[in-house]
Amino acid sequence: MPLIIYLMLKLLNALILGCIFLFVTPILAFADSSGELLSGTHIARVIVPKAIVYSDENMNSPLGYISNDKLITVGNPRKKNPDLVPLVVYGRLAFIESKNIHFENESVEKLSSKHGAPREHNIDIILTKPEEKLSENNSAYFSLHQFSGGNDTKNLFSNIDGTNKQNYLGYGISLIHRQTTGKLFWGLGYEYNSISSSNIDFNIFMLKPIIGYTPIRTPLFLVDLFFTLDFSLSAQLTIKNNLDTEPPGFIWGPELGARMVFFPANKYHLCGGIGYRNYKVLRLESVFNSNEVLISGIRNISGAEVSLSFAIEI
């Protein structure tokens, strides 16, 4: 009889352990899958004026920022992206760049030995939506570019010089302001463009209001789409050996473009872009050639553009 009771107790014990493992195993598996945050937490201090917090590892969706000198609780650096560390925001996993924080576990341990254990830091209270300031998040872009002038430019050079020229060369500078956590940007540019041959010089100085959108942003590069409405401050066409001076032209029209900005998180960026310009030209519809014969001038400038830029955060 005692043997039967012993066997029954042993069987019951096995059933109880089996039930326990049914619940424990999934819990352990979940802890292992999220171990990046659970395996070790650290106290860190924000060391920049505004450390932006992102909801994804590609840093496409900023949630807000944490101010300088705030203490926060973070996990271990990400294995596939060691430049980011995880933290919990509004009950969800979020990310902050490791270069914006300093781990302070040792100093916190010393402090806790005197004043008791450190309290949990409530990230929901620390996180702040950024206000837009024109004095922040600004960049200066220095560009070299080339664009096609289209048939009117080509015909003018062919009729006067017998050359097949239509590409304008230029350089410019633009100041761009980006929203702290948004994808919009805007700015103002100034550029000089020219095209010339042995008997023709055409020089254009232009002002360019800019508005744009950034659909893609990663730690390595970002993609900008932009629109400008350009107009000339001065557009002077000179035909050599012509007794009459051509009047200053007026040029205006849109430009649509896209560019890729490399190393957006650094102070210096390298950019490459493409675009399309379509300008209306006034006062230069008809011109006199070197023989004082009236010929067709330039009514329109339109064509594709390529550019290379260097940018610096200011």
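Trainee: Two strands count as paired if DSSP finds at least two bridges between them. With that in mind, which residue stands opposite Ser143 in E17?
Mentor: In this predicted model, the residue opposite Ser143 is Ser309. The two strands concerned, E8 and E17, pair in the antiparallel sense over 9 bridges.

Trainee: And what do the strands close into?
Mentor: A barrel of 8 strands, in the order E8-E9-E10-E11-E12-E13-E14-E17, with antiparallel pairing. From one strand to the next, the twist averages 25°.

Trainee: How many bridges join E14 to E17?
Mentor: There are 13 bridges between strand E14, residues 268-282, and E17, and the two run antiparallel. Within this pairing, Arg277 has Gly303 of E17 as its bridge partner.

Trainee: What about E12 and E13, how many bridges there?
Mentor: Strand E12 (residues 221-239) and strand E13 (residues 250-262) are joined by 11 bridges, again in an antiparallel arrangement. Here Leu229 stands opposite Pro254 in E13.

Trainee: Which strands does helix H5 lie across?
Mentor: Helix H5, residues 151-161, lies across E9, E10, E11, E12 and E17. Relative to E11, which spans residues 200-217, the helix runs at about 160°.

Trainee: Let us change topic to empty space. How many cavities of 30 Å³ or more does a search of the whole structure find?
Mentor: The search finds 1 such cavity, and about 320 Å³ of space lies in the largest cavity. It is lined by 25 residues, of which Ser143, Ser174, Lys208, Phe226 and Arg259 are the closest to its centre. Ser143 is thus a residue you have already met, opposite Ser309.

Trainee: Which elements give two or more residues to that lining?
Mentor: They are E8, E9, E10, E11, E12, E13, E14 and E17. The largest share, 6 residues, comes from E14. By class, the lining has 8 nonpolar, 11 polar and 6 charged residues.

Trainee: And the largest pocket, how much space lies in it?
Mentor: About 980 Å³. Of its 36 lining residues, Ile52, Asn137, Arg217, Pro264 and Glu313 are the closest to the centre. Strand E2 (50-54), strand E8 (138-148), E10 and E11 each supply at least two residues of this lining.

Trainee: What is that lining made of, by class?
Mentor: The lining of the largest pocket has 14 nonpolar, 13 polar and 9 charged residues.

Trainee: You mentioned E2. Which strands form the open sheet?
Mentor: The open sheet has 4 strands in the order E3-E2-E6-E5, and their pairing is antiparallel. Strand E3 (62-67) and strand E5 (84-89) are the edge strands, each pairing on one side only. On average, neighbouring strands of this sheet are turned by 35° against each other, direction ignored.

Trainee: How many bridges between E2 and E3?
Mentor: E2 and E3 pair over 5 bridges in the antiparallel sense. Tyr54 stands opposite Pro62 in E3.

Trainee: Finally, confidence. What is the mean pLDDT of the protein?
Mentor: The mean is 80, and 75% of the residues reach 70 or more. Over residues 16-38 the pLDDT is below 50, and this stretch has 13 contacts in the model beyond near neighbours in sequence. Over residues 107-122 the pLDDT is also below 50, and that stretch has 11 contacts beyond near neighbours in sequence.

Methods: Residues numbered from 1 in each chain as written. Predicted model: local features only at pLDDT ≥ 70, side-chain atom pairs only at ≥ 80, totals over all residues. Heavy atoms only, no water. Axes fitted to C-alpha atoms, helices over the stretch in contact; angles between N-to-C directions. Contact = heavy atoms within 4.5 Å. 1 Å grid on protein atoms, 1.4 Å probe; cavity = no way out; pocket = protein on both sides within 12 Å on 5 of 7 lines; lining within 4 Å. Points joined across faces, edges and corners; volume = space filled by probe spheres on them. Nonpolar A, V, L, I, M, F, W, Y, C, P; charged D, E, K, R; others polar. pLDDT = per-residue confidence, 0-100.
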